[in-house]
Amino acid sequence: MNTFQLAVVIWLALLALLGVSVGAATLLPGAVAHGASLLCAFAMAALIFVWFMGLHTADGLLRVFALAAVLWLCLLMGITLLDYIERDLGVLQWGAVLAKCNTGDGASGEAGARQPPACPTTDRLHARHRAGLRPQAPSRPW
Amino acid sequence: MSTSQRTITSEGEPDEQFDDIGQQRHANLMGMWIFLATELLLFGGMFTGFVVYRSQYPAAFGEAAHHLDLTLGAINTAVLLTSGLTTRLADVSAEAGRRFAAFWLLLATVALGAVFLVLKGFEWYHEYEHGLMPVLGVAFEYPGEHARGAHMFFNFYYAMTGLHAAHMLVGLGLLTVIAGLVWRWREPARVARQVQISGLYWAFVDVIWVFVFTALYLLRA
């Protein structure tokens with residue numbers, strides 16, 4: 001297959017992936033559609049990077065630069081999202097701490113004994129926990 | 001055209017700061033990729049912001065995405081992917097010393113890029129007519145129940161598509177100049193390298209659009 005034919009095949013593959021992603025977004029249910037669309041987007045980007053931008057013939061150093069750019073983006077997004085994921089995990093941990101306090105498991109603490117986690121005393125948190133709500137759930141009016 | 005045909009990007013005398021033409025080609029490509037990495041950081045910050053807000057307000061963003069024209073967005077994506085093909089073919093043609101093929105393929109790229117921008121402008125106007133343009137003091141009239149979240153979604157929409165369109169305009173200007181250089185064909189080896197470098201920029205703009213399209217149009221509720 002010569003270079004022209006290969007470029008046309010890559011283009012057809014890109015259009016096919018576009019069709020799959022649009023079809024998935026309109027036909028499949030939410031999370032599955034999102035996953036399929038994102039997979040198609042990454043596949044399209046990979047095809048363009050490798051074949052249309054010449055990474056398949058580039059030397060090692062150039063490939064390292066290209067990968068480093070993508071890696072940096074992953075770090076940027078990953079560390080930012082970790083903050084938000086950690087907040088959600090923190091909400092779950094608060095729930096566990098409050099449950100211990102309410103049953104008395106975590107409130108006591110004799111001298112020399114292993115100290116339990118500090119029990120939050122904020123009335124609002126206790127009230128939310130008794131109501132079965134997430135203690136730190138932000139209000140989202142929209 | 002086969003890959004065994006002669007290529008001209010390795011011909012000619014290097015500029016004085018380079019030892020040989022191979023080193024110059026490598027520096028050209030490396031410089032462009034570093035520039036594209038900085039561009040990725042520019043768009044990356046915006047995408048990160050979008051991902052954070054998309055995860056915080058999934059219902060509002062998912063509902064707001066339904067108010068975009070998916071058909072027009074998909075057509076525009078196909079147009080841009082096709083322009084990526086013509087750029088790649090122009091690169092291959094210039095490298096093989098096929099001046100007129102490279103010239104017309106570059107013009108086709110410019111034409112497809114212009115079609116993309118016209119369709120995008122039409123889409124923006126359509127959204128303006130429906131009160132979905134919360135910029136420049138224009139009243140935002142959202143018909144759904146998550147108006148505040150949708151307001152944020154459309155802010156992202158115009159920022160992301162606007163920044164991408166600005167890059168398209170730069171790319172169109174660049175490719176027009178390169179097409180002129182191909183037409184003159186004074187230093188074929190240098191011109192072929194310029195086609196290759198500018199083609200990298202255009203392909204990068206394609207990649208950015210693929211993710212803009214996916215994030216805004218396809219991540220529906």
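C40(A) is buried, at 7% relative accessibility; buried here means under 20% relative accessible area, exposed means over 50%, and partly exposed covers what lies in between (1.4 Å probe, protein chains only). The model is predicted, so local features need pLDDT of at least 70 and side-chain atom pairs count only at pLDDT 80 or more, while totals for chains, interfaces and linings use all residues. Residues are numbered from 1 along each chain as its sequence is written, chains are lettered from A in the order in which they are written, and side-chain values use heavy atoms, with hydrogens and water left out.

The cysteines can be taken further. A disulfide is a covalent bond between the sulfur atoms of two cysteines. The rule applied here asks for a pair of cysteine sulfur atoms within 2.5 Å, and by this rule the count over all chains is 0. For C40(A), the nearest cysteine sulfur is that of C74(A), 18 Å away, and C40(A) is in no disulfide. C74(A) is in no disulfide either, its nearest cysteine sulfur being that of C40(A). C74(A) is partly exposed at 49% relative accessibility.

Next comes the interface. Contact is defined as heavy atoms within 4.5 Å, and on that basis 44 residues of chain A are in contact with 48 residues of chain B. Buried area is the accessible area (1.4 Å probe) that two parts lose on being put together, summed over both. Chain A and chain B bury about 4400 Å² between them, with 81% of it on carbon and sulfur atoms. Helix 1 (3-27), helix 2 (30-52) and helix 3 (60-103) of chain A each supply at least two residues of the side that touches chain B. Helices are DSSP runs of H or I with at least four residues, strands are runs of E with at least two, and both are numbered from the N terminus. Helix 3 of chain A gives the most to that side, with 13 residues. By residue class, the side of chain A that touches chain B has 34 nonpolar, 8 polar and 2 charged residues. In this scheme Ala, Val, Leu, Ile, Met, Phe, Trp, Tyr, Cys and Pro count as nonpolar, Asp, Glu, Lys and Arg as charged, and the others, Gly among them, as polar.

Two residues show the contacts between the chains in detail. S37(A) lies in helix 2 of chain A and is buried at 0% relative accessibility. Leaving out residues up to four places away in sequence, S37(A) touches S21(A) and A25(A), as well as T214(B) and L218(B). On the other chain, G84(B) sits in helix 3 (residues 70-95) of chain B and is buried, with a relative accessible area of 4%. With the same sequence neighbours left out, G84(B) touches F52(A), W202(B) and D206(B).

Chain B itself has 6 helices and 0 strands. Its C-alpha atoms fill a box of roughly 65 × 30 × 30 Å along the principal axes. Of its 221 residues, 56% count as buried. Among the contacts in chain B with a separation of 6 or more, 78% come from residues 24 or more positions apart. W185(B) is found in the loop between helix 5 (147-184) and helix 6 (188-218) of chain B. W185(B) has a positive phi of about 55 degrees although it is not a glycine, and it is buried, with a relative accessible area of 16%.

The last topic is charge pairing. A salt bridge is a side-chain nitrogen of Lys or Arg within 4 Å of a carboxyl oxygen of Asp or Glu. Over all chains there are 4 salt bridges, and the count between chain A and chain B is 0. One of the 4 joins R190(B) and D15(B), at 2.8 Å from N to O. R190(B) lies in helix 6 of chain B and D15(B) in the segment before helix 1 (21-56), so the pair ties together parts 175 residues apart in sequence. R190(B) also forms a salt bridge with E187(B), the closest N and O atoms being 3.5 Å apart, and D15(B), E187(B) and R190(B) are thus linked in a network of salt bridges. R190(B) is partly exposed at 27% relative accessibility, D15(B) is partly exposed at 23%, and E187(B) is partly exposed at 47%.

K120(B) and E123(B) form another salt bridge, with the closest N and O atoms 3.0 Å apart. They are 3 residues apart in helix 4 (residues 99-129) of chain B, and are separated by about one helical turn. K120(B) is buried at 1% relative accessibility, and E123(B) is buried at 1%.
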